[in-house]
Amino acid sequence: MAGEIVHFEVMVKDGDAAQAFWGGVFGWQFGPPMSPEMDYRMAQIDATSGAAIGAGGEAKTHPNVYLATEDIDASLAKVRELGGSAEEKAPVPGHGWFAACKDPEGVEFHLWQGDASAA
C-alpha cells in the first residue's frame, strides 16, 4: 500500500546496545551484522515491514523511515513537483529501490519500491 511504513532504521554508535534496547522494547529478533565491513543488522517486524540497526558511525537523533510506493520514479517526481527534494533512486540488489527525500520544510523520509529485479 502506498505510504505504508515498510522499514524502520536507526543509526547508532553501539550496535549491541541498540539491539538490546530495540529488541527488548519490541521483541524484535535481529540477525547478525550483514558483513564484516558494515555493522547493519536486520529484523523482520511482520510480513511486510522490517527494522534495522546501522552501527559504528555517527548516531542520528531520529530513525530513517521508509515508505512504500508502487512507482518510485513517479513518486520522486511528485516529491520534487510539490516542493520537496529527492536524491536519485539507488538499488538494493535483488530487493528493490530506495531514495532519500525531504518535504518542503526539510523533514527527512525515504521512499521504497520492492523489485526483485533491482540491480
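**Figure 1. Strands β6 and β7 pair up in the antiparallel sense.** Three bridges hold strand β6 (residues 90-92) against β7 in an antiparallel pairing. Keep in mind throughout that this is a predicted model. Look for Val92, which sits opposite Gly96 in β7. The hairpin of these two strands has three residues between them, and Gly94 there takes a positive phi near 80°.

**Figure 2. β7 also pairs with β8 and with β5.** Follow β7 along to β8 and you find seven bridges, with the two strands running antiparallel. One pair to pick out here is Trp97 and Gln113, with Gln113 standing opposite in β8. The β7 and β8 hairpin has five residues between its strands, and Gly106 takes a positive phi near 95° in that hairpin. β5 joins β7 too, antiparallel and through two bridges. In that pairing, Ser85 faces Lys102 of β7. How much of β7 is covered? Most of the strand: five of its seven residues are buried.

**Figure 3. Helix α2 keeps its buried residues on one side.** Zoom in on α2 (residues 72-81) and you'll find Ile72, Ser75, Leu76 and Val79 buried. Why do they end up on the same side of α2? Around the axis they cover an arc of only 100°, so they share one side of the helix. And what covers these buried residues? The cover includes β5 (85-86), β7 (96-102) and β8.

**Figure 4. β1 has a strand partner in β3 and another in β4.** β1 (residues 5-12) is a mostly covered strand, with six of its eight residues buried. With β3 (residues 50-55), β1 pairs in the parallel sense, over six bridges. Met11 makes a handy landmark, as its bridge partner in β3 is Gly54. With β4 (residues 64-68), the strands run antiparallel and four bridges join them. Here the residue to find is Glu9, which stands opposite Asn64 in β4.

**Figure 5. Tyr40 is a buried residue of strand β2.** Tyr40 lies in β2. Is Tyr40 buried or exposed? It counts as buried because its relative accessibility is 13%, and the cut-off for buried is under 20%. Leaving out neighbours within four places in sequence, the contacts of Tyr40 are His7, Glu9, Pro32, Pro33, Met34, Ala52, Ile53 and Gly54. Ala55 is 15 residues away from Tyr40 along the chain, yet their C-alpha atoms are 6.3 Å apart.

**Figure 6. The largest pocket is lined by 23 residues.** There's about 620 Å³ of space in the largest pocket. Two or more lining residues come from each of β1, β2 (39-44), β4 and β8 (108-114). Which element gives the largest share of the lining? That's β2, with four residues. If you want to find the middle of the pocket, go to His7, Met42, Val92, His95 and Trp112, the lining residues nearest its centre. By class, the lining breaks down into 11 nonpolar, nine polar and three charged residues.

Definitions and conventions:
Residues numbered from 1 in each chain as written. Predicted model: local features only at pLDDT ≥ 70, side-chain atom pairs only at ≥ 80, totals over all residues. Heavy atoms only, no water. Buried < 20%, exposed > 50% of the residue type's maximum accessible area, 1.4 Å probe, protein only. Pairing = 2+ DSSP bridges. 1 Å grid on protein atoms, 1.4 Å probe; cavity = no way out; pocket = protein on both sides within 12 Å on 5 of 7 lines; lining within 4 Å. Points joined across faces, edges and corners; volume = space filled by probe spheres on them. Nonpolar A, V, L, I, M, F, W, Y, C, P; charged D, E, K, R; others polar. Arc of directions from axis to C-beta. Contact = heavy atoms within 4.5 Å.
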